[in-house]
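User: I would like to learn how to read a protein model feature by feature, with the general idea set out before each case. Could we go through this one together?

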Amino acid sequence: MEYYNYLKSLHLIFVITWFAGLFYIVRLFVYQIEANDKPSPEKEILQNQYKIMTYRLWYIITWPSAILATVFALFLLHLNPAFIEMSWMQVKLGFVVLLFIYHFKCQSIYKELQNDEVKYTSNFMRLWNEGATLILFAVVFLVILKNAVNWIYGVLGIFIFSITIMLGFKMYKRIRERNSDQ
């Protein structure tokens, strides 16, 4: 059953590229939203470039990675169905469902921005980007610790870290606004 490790490696590779795509697409959303406030022709030039970049990232990297990570995961579960009965795997699969919900919401935001509909602020997008980070931390702690309780400490740590980042972001924003007023 040596091919099991190859499947596991491929699953992990595509999970990594899926997360990379999710992290970067939201960063591109931030840039695309901020480009909306630029004067012409800069606004149109930037928006067109970001639309191309997001399209390529979303459909050439992120979606295929999500599909391939899922296909390899299903193969792994088929080869080792006992995993389904383990509590850490059940919790992990719950986070995978959350990851797909996050992914589909990003798909919705992607479509809106491709149609020049700006419904969110760049600050909201910066916070939204933390969603994938929280899911990633939870899944990694679950897989490594294989304990449905110990992962809570890791997730609590990332929540505290995220709150610290948000507070730092707010302070940075205030400093930036104060400096631009001078």
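User: How many residues does helix H4 have, and how far does helix H4 reach from its first C-alpha to its last?

Analyst: Before the numbers, please note that this is a predicted model, in which local features need pLDDT of at least 70 and side-chain atom pairs count only at pLDDT 80 or more, while totals for chains, interfaces and linings use all residues. Residues are numbered from 1 along each chain as its sequence is written, and side-chain values use heavy atoms, with hydrogens and water left out. Helices are DSSP runs of H or I with at least four residues, numbered from the N terminus, and the expected span of a helix is 1.5 Å times one less than its number of residues. Helix H4, residues 122–145, has 24 residues and reaches 35 Å from its first C-alpha to its last, which is close to the 34 Å expected.

User: What span does helix H2 reach, and what is expected for its 38 residues?

Analyst: Helix H2 covers residues 42–79 and reaches 53 Å between its first and last C-alpha atoms, close to the 56 Å expected. A bend is read separately, as the angle between axes fitted to the seven residues ending at a residue and the seven starting there. In H2 there is a kink of about 35°, centred on tryptophan 58. Leucine 68 is also found in H2, and its C-alpha atom is separated by 8.4 Å from that of leucine 10, although the two are 58 residues apart along the chain.

User: Which residues show unusual backbone geometry, and where is the cis peptide bond?

Analyst: The general idea is that most residues other than glycine have a negative phi, and most peptide bonds are trans. Here a cis peptide bond, with omega about 0°, joins serine 40 and proline 41, and proline 41 lies in the loop between H1 and H2. Aspartate 116, in the loop between H3 and H4, has a positive phi near 60°, and just after H4, lysine 146 takes a positive phi of about 50°.

User: How should I read a salt bridge, and how many are there?

Analyst: A salt bridge is a side-chain nitrogen of Lys or Arg within 4 Å of a carboxyl oxygen of Asp or Glu, and by this rule the count comes to four. In one of them, the side chains of glutamate 34 and arginine 126 meet at 2.9 Å, N to O. That pair links distant parts of the chain, with glutamate 34 in helix H1 and arginine 126 in helix H4, 92 residues apart. Glutamate 112, glutamate 117 and lysine 119 are linked in a network of salt bridges, in which glutamate 112 meets lysine 119 at 3.5 Å and glutamate 117 has its closest atoms 3.8 Å from those of lysine 119.

User: Are the residues of these salt bridges buried or exposed?

Analyst: Buried means under 20% relative accessible area, exposed means over 50%, and partly exposed lies in between, using a 1.4 Å probe and protein chains only. Arginine 126 is buried at 17%, whereas its partner glutamate 34 is partly exposed at 28%. In the network, glutamate 112 is buried at 12%, glutamate 117 is partly exposed at 35%, and lysine 119 is exposed at 55%.

User: What volume does the largest pocket have, and which helices supply its lining?

Analyst: Rolling a probe the size of a water molecule over the atoms shows where empty space is left. On a 1 Å grid over the protein atoms alone, a pocket is an open set of points with protein on both sides within 12 Å along at least five of seven lines, a cavity is a set where a 1.4 Å probe fits but cannot get out, and lining residues have an atom within 4 Å of a point. The largest pocket has a volume of about 800 Å³, and of the 31 residues that line it, the closest to its centre are His11, Val15, Lys92, Val139 and Val143. Helices H1, H2, H3 and H4 each supply at least two residues of this lining, and the largest share, nine residues, comes from H1.

User: How many cavities of 30 Å³ or more does the structure hold, and which residues line the largest cavity?

Analyst: The structure holds one such cavity, and about 40 Å³ of space lies in the largest cavity. Its lining is formed by Gln32, Asn36, Gln47, Leu113, Asp116 and Val118.

Terms used: Points joined across faces, edges and corners; volume = space filled by probe spheres on them.
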